[in-house]
Amino acid sequence: MRKKSVFTGVFLLCSMWHFSQQTIKGIILDNTSNSPLTNVSVTLKNTVLIAKTDNKGEFQISLLKKGNFILELNLVGYEIQNLPITLTNKNINLGTILLYKDITSSEDLSVISITDDALDANINTSDNIVGLLQASRDVFLNTAAFQFSASFFRVRGLDANNGKVLLNGVEMNKLHNGRAQWSNWGGLNDVLRNQEFSNGLGVSNVTFGGVLGTTNTTTRASLQRPGSRISYSSSNRSYVHRVMATHHTGVLKNGLSYSFSVSRRAGKEGFNEATSYNSNSFFMAVEKRINKKHHINFTGIYTPNRRGKSSPNTQEVINLKGIKYNEYWGFLNNRKINTRIKEVAEPILMLSHYWSFKKNATLQTNVSYQFGKVANSRLDFNAGANPSPTYYQNLPSYFLRNNNLAKAYTARNNFENDGQIDWHQIFDANKTNAAVNKNNAYVLYDDRNDDKQLVVNTIYTHNVNNHITINAKLAYKKLQSENFAQVINLLGGNGYLDINNFAKSYTQQQNDVLNPNRIVTENDKFRYHYTINAEVANAFLQAQFKYRKIDFYIATNASKTSYIRQGLYKNGRFENNSFGNSKKLNFNNFSGKTGATYKINGRHLIDFNFGYISQAPSIRNSFSNARENNNTVNNLQSEKILSTDISYLVRSPFVTARVTAYFANIKEATEISFYFADGVGGDNTAFVQEILSGIQKKNIGLEIGVEAQVTSAIKIKAAGAIGSFTYANNPDLYLTSDKINEGIFDKNGQSKNYTSYLKNYKQAVGPQNAYAIGFEYRDPNYWWIATSANFFSNTFIDVAPLTRSSNFYTAEDGLTFNDYNITTAQKLLQQERFKSYKVINLVGGKSWKINQYYISLFATVNNLFNTIYKSGGFEQGRNANYTELRKDKALEKPVFGNKYWFGRGTTYFLNANIGF
């Protein structure tokens, strides 16, 4: 049962006065401690008038018009109060208003898969679970965050780089791939709750944003709720244990505020085999109130983490070993040792100055510096056999292809009984090879990128009057990224020869001609070494208008981006195009958006948004093979997005609903893939970089969310996403390789240009249709339970573009294969659609208030009935032409079949915390 402040009655009496009134002011306190609450959002609904309480809990709103309004008081962790008020022309002093803690909200943001799982930035990995970036009060977005995300669901079928993530107004999306690196602040849930979220193209006060919206988290120490909190969590998803402790002082008498948080997440194994987890998180914020106009806040974040990766697998492997199988590990000294570890350690230091230089105008200036490393380990073997247990020559299908049933039986038994990395064989091979060649056969190394990034920006906000707000921002970002491979373990050997053993000539074998046949040891750089220097400058301007029947806005953004690669090795395959600087890439971009909300009445609204976004390609998609040469993507263009949506919203005491129709058209996109291919240009075999450019995508669909308050304790919720996400054109394609002047590759290592016939193929963006229905019961005694049934359909495999080009049907002589059959080809190229599936989730919690202590328990069980389903996957590009693909697919078990990720089975998350 919700409590009411005794001052509410006084407030309501004041609202009925019929005298001349000009301003509203008051003091807001915590109901238990009677301490002032800072940063309470005080909003006069349907106007642009918003105030924040200061360190004394005081607020004031100046008014210029009469009328009936709703005053909303909102602070994270407290019950929202909506109070009616009638204004004439006189000042209102509300006196003291008490806010009550909302002890029933025990949900933890860490149950959203992306906050703990998105440690790997590669597109085609199961670690990149793309979901909503945060929880939201919106029914559909809340469902997408808590129910859909574990199924690879993407809001509107769009990649995460279309959503902007900011800390204190500083954009955290990486220039390398456009995505936020969530592990840079993972495990700090308790200090990241002050979030402002704008959906889609909607208004953000701090940035232009993206098609998927904007999440801005404020870490100011004075805005954190005073008190302490200790929590423990257990899970079988990513980590097994998590402990967290947080303390906020609030605003002290000397004007200082302190905020601290530490956490530890660890586990030897998550849901998949050998996916170890080791993460520590540290947070500190210190704010000084210089005077009423000036505040300075320092934020420091450091979250070093290491995590074992899991592998995608073919159906053959899954049938033999199950969905938890992971090929990347093997036993060593009776421990599971994973060869693929991702390590992220990138501290963030941020200084922010807040200046209220006018009554209704503020200027926020930020300086942010981030540095550190991202490392991904793996095995290299320039003098040994492929150590992968799922290497195609180790699987039964390889021998069945040659009708060797005896060896197929042996391979199956070996794989079923072991099927893991053989560390002992690797150590033995290194000893043997060292005795003969004086260097290793195998080595364990990291692919490293060490970034240093400086960001400076200033954000201006001016409430011109009751109806108009102006937002503006100037920002500059400078990145220096050093990229290299580094030996981390010699695995019992003495040294490793830094050459490419697959190249033919002596010169071409050298990874660095300037240091030929170099023997490297632990911590030495080898294979490749280069830097990327990038700069981005942008300006943002926005005007918001709010009136009785209509609100609208218009915003623009202009940016200038530049990239340049500096090669530090002279690669033997590209002697004339690898050492020194590449040409400088420059992109000038302009974006604009507008939107309006029409208020049919207080409970029914229509919202419309339209935007055109032009954005520079990411660094990853700008250089065709940055590890080996300075080549940039041919005819590289900025990506262009045209997007619009229209929504119908209902906000009544009993029903909250939103129905949105949206459309997004993406043009001039670029994608680069790396794989080994047979049948390139006829019968050639090569490790290639596939550059797909000029891509056009069309995303259209509906979002539906409905929440009904059936009784005071029971809610019924339903949500649905119905989408169609397709390729809208036939993009250009070409290959690059280090097989210079061999087969189809010219002196620059580039193939001829192809057209990839992808039009009308489905994008591989998770389930295109997703539905949920559920109920929630909240008892007056502060316990609650909820369950939901979730249904998913129309999930498609990621197709191989090269097999949809003329390379597929053209022999080495340039003519069509003699045995080419159109009907057979159509069957071979048909896109796989996964089976539909449903998942049941259960969640509940209980809260207690004992004296000054707040205690809560929270638990969730996902996939209650252990449904097994394919959540994503991709076609292997190995079979690049008709002849190769037909031979392979004719087998009951293709040697190079599609690779899949499977959803986790039944998983749980349990959290207990105490606040005081």
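This passage describes a three-stranded sheet and helix H10 in a predicted model.

The three strands form an open sheet in the order E18-E44-E43, and their pairing is antiparallel. Strand E18 (313-314) and strand E43 (870-874) occupy the edges; each has a single partner strand, so one side of each lacks a neighbour in the sheet. Strands of a sheet are joined by backbone hydrogen bonds, in either a parallel or an antiparallel arrangement.

Strand E44 comprises residues 899-902 and pairs with E18 in the antiparallel sense over two bridges. On this side of the sheet, Thr 314 lies opposite Lys 899 of E44. The pairing of E44 with E43 is likewise antiparallel, and four bridges connect these two strands. Here Lys 870 has Phe 902 of E44 as its bridge partner. Although E43 is an edge strand of the sheet, five of its five residues are buried, and the strand is therefore largely enclosed by the rest of the structure. In this case burial denotes a relative accessible area under 20%.

Helix H10 spans residues 882-889, and its buried residues are Tyr 882, Thr 883, Leu 885 and Asp 888. An α-helix has 3.6 residues a turn, so residues three or four places apart point the same way. Helix H9 (822-828) is included in what covers the buried residues of H10. The N-terminal end of H10 is capped by Asn 881, which places a side-chain oxygen 3.2 Å from the backbone nitrogen of Thr 883. Thr 883 is thus both one of the buried residues of H10 and the residue whose backbone nitrogen faces the capping side chain of Asn 881.

Notes: Residues are numbered from 1 along each chain as its sequence is written. This is a predicted model: local features need pLDDT of at least 70, side-chain atom pairs count only at pLDDT 80 or more; totals for chains, interfaces and linings use all residues. Side-chain values use heavy atoms; hydrogens and water are left out. Buried means under 20% relative accessible area, exposed over 50%, partly exposed in between (1.4 Å probe, protein chains only). Contact means heavy atoms within 4.5 Å. A polar contact is a pair of N or O atoms within 3.5 Å; within protein, one must be able to donate a hydrogen and the other to accept it, and residues adjacent in sequence count only if both atoms are side-chain atoms. Two strands pair if DSSP finds at least two bridges between them.
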